[in-house]
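Colleague: I am new to this structure and should be grateful for a guided discussion of it. May we look at it together?

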Amino acid sequence: DHSLILYGSGLGDANVHTHHELPTAVVGGGAGQMKGGRHLKYPKDTPLANLHLTVLDTLGVHIDHIGDSTGEFKELSGIA
């Protein structure tokens, strides 16, 4: 499984256009780089950019931050 698909919405509640509690799915193993088979819920106001930063790092693009990111999701990346 070499696929890695990030799927989600930019709105948590479309009626009021909030960008919190976004429904997001990461599917695929990314050639063994992503640990899956789990449902993870992060604290309120965790930036979605943290997920983007984690995916980029998994794909070999190492950057310090993107947008309003505060760090990577260490429990999502890697097999350990």
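Colleague: Which residue just after α1 takes a positive phi?

Modeller: Please bear in mind that this is a predicted model. The place to look is just after α1, where phi is positive at about 95°. The residue with that angle is Gly 60.

Colleague: Is His 62 buried or exposed?

Modeller: His 62 is located in the segment after α1. Its side chain makes a polar contact with the side chain of Asp 57, at 2.3 Å. The relative accessible area of His 62 is 61%, and the threshold for the upper class is over 50%, so His 62 is exposed.

Colleague: What separation is found between the C-alpha atoms of His 62 and Gln 33?

Modeller: Along the chain, His 62 and Gln 33 are 29 residues apart. In space, their C-alpha atoms are separated by 14 Å.

Colleague: How many of the 10 residues of α1 are buried?

Modeller: The buried residues of this helix are Ala 49, Asn 50, Leu 51, Leu 53, Thr 54, Val 55 and Thr 58. What covers them includes β1 (5-8) and β2. Helix α1 is largely enclosed by the rest of the structure, because the number of its residues that are buried is 7.

Colleague: Which residue's backbone oxygen does the side chain of Thr 54 reach?

Modeller: Thr 54 belongs to helix α1, which spans residues 49-58. Thr 54 is buried, with a relative accessible area of 0%. Its side chain reaches a backbone oxygen at 2.9 Å, and that oxygen belongs to Asn 50.

Colleague: How many residues make up the largest nonpolar core?

Modeller: In soluble globular proteins, nonpolar side chains tend to be buried together. Here the largest such core consists of Met 34, Leu 51, Val 55, Phe 73 and Leu 76. Phe 73 also has contacts beyond its neighbours within four places in sequence, among them Tyr 42, Pro 47 and Thr 54. The core comprises 5 residues in all.

Colleague: Which strand gives the largest share of the lining of the largest pocket?

Modeller: The largest pocket holds about 970 Å³ of space and is lined by 30 residues. Leu 22, Thr 24, Leu 40, Lys 41 and Tyr 42 lie nearest its centre. The largest share of the lining is 4 residues, from the strand spanning residues 24-27, namely β2.

Colleague: How many residues in the lining of the largest pocket are nonpolar?

Modeller: The lining divides into three classes. Of its residues, 9 are polar and 7 are charged. The number of nonpolar residues is 14.

Technical notes: Residues numbered from 1 in each chain as written. Predicted model: local features only at pLDDT ≥ 70, side-chain atom pairs only at ≥ 80, totals over all residues. Heavy atoms only, no water. 1 Å grid on protein atoms, 1.4 Å probe; cavity = no way out; pocket = protein on both sides within 12 Å on 5 of 7 lines; lining within 4 Å. Points joined across faces, edges and corners; volume = space filled by probe spheres on them. Helix = DSSP H or I, 4+ residues; strand = E, 2+ residues; numbered from the N terminus. Nonpolar A, V, L, I, M, F, W, Y, C, P; charged D, E, K, R; others polar. Buried < 20%, exposed > 50% of the residue type's maximum accessible area, 1.4 Å probe, protein only. Polar contact = N/O pair within 3.5 Å; in protein donor to acceptor, adjacent residues only side chain to side chain. Core = buried A, V, L, I, M, F, W, Y, C linked by side-chain atoms within 4.5 Å. Contact = heavy atoms within 4.5 Å.
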